[in-house]
Amino acid sequence: MSMSIEVFEDHYEHNVDENLIDMKNKISLLLLTLPARYERVIRERIFFNKTLKEIAEDYSVNPERIRQIEASAFRMLKNKIYLKEMQSLIKFHIRKNTK
């Protein structure tokens, strides 16, 4: 019985690792749709856990400016995701009605 539990746990951990890698790749692709400066700020905040102050020092601006860039980037991403979902729904609706 314990042998099957160990196999299950190993398989589960492997799937979690694959899902995290897949999610990170999808986020990276989505970030590439942003202007370069916005993409770098978001990447440093998400993947490198840098603070606003640390990023501000790298760019020689104040942390408030980095916060503004971050907020703008998230708005852009939200709109892109929303538009992509709407396009998928429209395509599905057209396919459904043309059959």
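Glu 39 is a good place to start in this predicted model, since this residue is buried, with a relative accessible area of 12%. The cut-off for buried is under 20% relative accessible area, so Glu 39 falls within that class. Glu 39 belongs to helix α2. If we set aside its neighbours within four places in sequence, Glu 39 is in contact with Leu 31, Leu 32 and Leu 34.

What does the side chain of Glu 39 meet in a polar contact? The partner is the side chain of Arg 43, at 2.5 Å. Arg 43 is also found in helix α2, which covers residues 36-46. Not counting residues up to four places away in sequence, Arg 43 touches Ser 28, Leu 31, Leu 32 and Phe 48.

Leu 31 has now appeared in the contact list of Glu 39 and in that of Arg 43, so let us turn there next. Leu 31 lies in helix α1, residues 2-31. Is Leu 31 buried or exposed? With a relative accessible area of 2%, Leu 31 is buried. Beyond residues up to four places away in sequence, Leu 31 touches Glu 39, Ile 42, Arg 43, Phe 47 and Leu 77. For a view along the chain, look at Leu 31 together with Met 76: the two are 45 residues apart in sequence, and their C-alpha atoms are separated by 10.0 Å.

Leu 31 also takes us into the largest nonpolar core, which has 12 residues in all. Leu 31 and Leu 34 belong to this core, together with Tyr 38, Val 41, Ile 42, Ile 55, Ala 56 and Tyr 59. Ile 66, Ile 69, Ala 73 and Leu 77 complete the set. Which elements give two or more residues to this core? They are α2, α3 and α4, and α4 gives the most, with four residues. One of the core members, Ile 42, is in contact with Leu 31, Leu 34, Glu 70, Ala 73 and Phe 74, leaving aside its neighbours within four places in sequence.

Phe 47, one of the residues touched by Leu 31, has a charged partner as well. The charged end of Lys 24 sits over the ring of Phe 47, 5.1 Å from its centre. How many aromatic pairs are there? The count is zero.

Two loop residues deserve a look for their backbone angles. Asn 49 is found in the loop between α2 and α3, the latter spanning 52-59. Although Asn 49 is not a glycine, its phi is positive, at about 50°. Asn 49 is exposed, with a relative accessible area of 61%. Further along, Ser 60 is found in the loop between α3 and α4, where α4 covers 63-98. Ser 60 is not a glycine either, and has a positive phi of about 55°. At 68% relative accessibility, Ser 60 counts as exposed.

Finally, step back to the whole chain. The secondary structure comes to four helices and zero strands, and the order from the N terminus is α-α-α-α. Of the 99 residues, 18% count as buried. The protein chain exposes about 8,100 Å², and carbon and sulfur atoms supply 60% of that area. Among contacts between residues at least 6 apart in sequence, 41% join residues at least 24 apart.

Notes:
Residues are numbered from 1 along each chain as its sequence is written. This is a predicted model: local features need pLDDT of at least 70, side-chain atom pairs count only at pLDDT 80 or more; totals for chains, interfaces and linings use all residues. Side-chain values use heavy atoms; hydrogens and water are left out. Rings of Phe, Tyr and Trp (its six-membered ring) pair if their centres lie within 6.5 Å; planes under 30 degrees apart count as stacked, over 60 as edge-to-face and the rest as tilted. A charge sits over a ring if NZ of Lys or CZ of Arg is within 6 Å of the ring centre and within 35 degrees of the ring normal. A polar contact is a pair of N or O atoms within 3.5 Å; within protein, one must be able to donate a hydrogen and the other to accept it, and residues adjacent in sequence count only if both atoms are side-chain atoms. Contact means heavy atoms within 4.5 Å. Buried means under 20% relative accessible area, exposed over 50%, partly exposed in between (1.4 Å probe, protein chains only). Accessible areas come from the Shrake-Rupley method with a 1.4 Å probe; for residues, only the protein chains shown count as cover. A nonpolar core is a set of buried Ala, Val, Leu, Ile, Met, Phe, Trp, Tyr and Cys residues joined through side-chain atoms within 4.5 Å.
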